[in-house]
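I opened my notebook to look up two things: how the strands are arranged, and how the aromatic rings sit. Here are my entries.

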Amino acid sequence: MNEISVHICTYNPRPEHIARTLEGLKSQTLPRDRRELLLFDNASTTDTASKADLSWHPNAYRHLVSQVGKTNALLFAIRNAEAPLLLTVDDDNVLAPD
């Protein structure tokens, strides 16, 4: 079972920013099989979010949220999380490994 659900809500992310965010998540100390990674594309008009590489994570899912607005994306994330603990990460933040 997943212990934590990591959500990235994004709208037209800058490629270099979301790439750094995902690289930071790759180096987390919590094993990947104990967390899920959900990327919520909040009706972007670019294809950056759809091209973000999630293949490295065994529990990664990409979702399109058609209603624009971060609140809508966050509510969608909360409804779709499987883990009891939720963590929202902005698409331009890099988390510490621990």
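I first wrote down a cut-off: a residue counts as buried if its relative accessible area is under 20%, and as exposed if that area is over 50%. Partly exposed lies in between. I also noted that this is a predicted model.

**Entry one: the sheet.** I looked up the strand order. The open sheet has 4 strands, and they run β3-β2-β1-β4. Their pairing is parallel. Next I checked the edges. β3 (60-64) and β4 (85-90) each have a single partner strand, so one side of each has no neighbour in the sheet. On average, neighbouring strands are turned by 20° against each other, direction ignored.

**Entry two: one strand pair.** I picked β1, residues 4-10. β1 and β4 pair in the parallel sense over 6 bridges. I looked for the bridge partner of C9 in β4 and found D90.

**Entry three: a helix on the sheet.** Helix α3 covers residues 70-80 and packs on the sheet. I listed what α3 touches: β1, β2 (35-41), β3 and β4. The direction of α3 makes about 150° with that of β2.

**Entry four: the aromatic rings.** How many aromatic pairs does the structure hold? I found 1. The ring centres of F40 and F76 are 5.5 Å apart. Their planes stand at 80°, so I noted the pair as edge-to-face. F40 belongs to strand β2 and F76 to helix α3. The two are 36 residues apart, so the pair links distant parts of the chain.

**Entry five: buried or exposed?** F40 has a relative accessible area of 0%, so F40 is buried. F76 has 23%, so F76 is partly exposed.

Note on methods
Residues numbered from 1 in each chain as written. Predicted model: local features only at pLDDT ≥ 70, side-chain atom pairs only at ≥ 80, totals over all residues. Heavy atoms only, no water. Pairing = 2+ DSSP bridges. Axes fitted to C-alpha atoms, helices over the stretch in contact; angles between N-to-C directions. Contact = heavy atoms within 4.5 Å. Phe/Tyr/Trp six-rings, centres within 6.5 Å; stacked < 30°, edge-to-face > 60°. Buried < 20%, exposed > 50% of the residue type's maximum accessible area, 1.4 Å probe, protein only.
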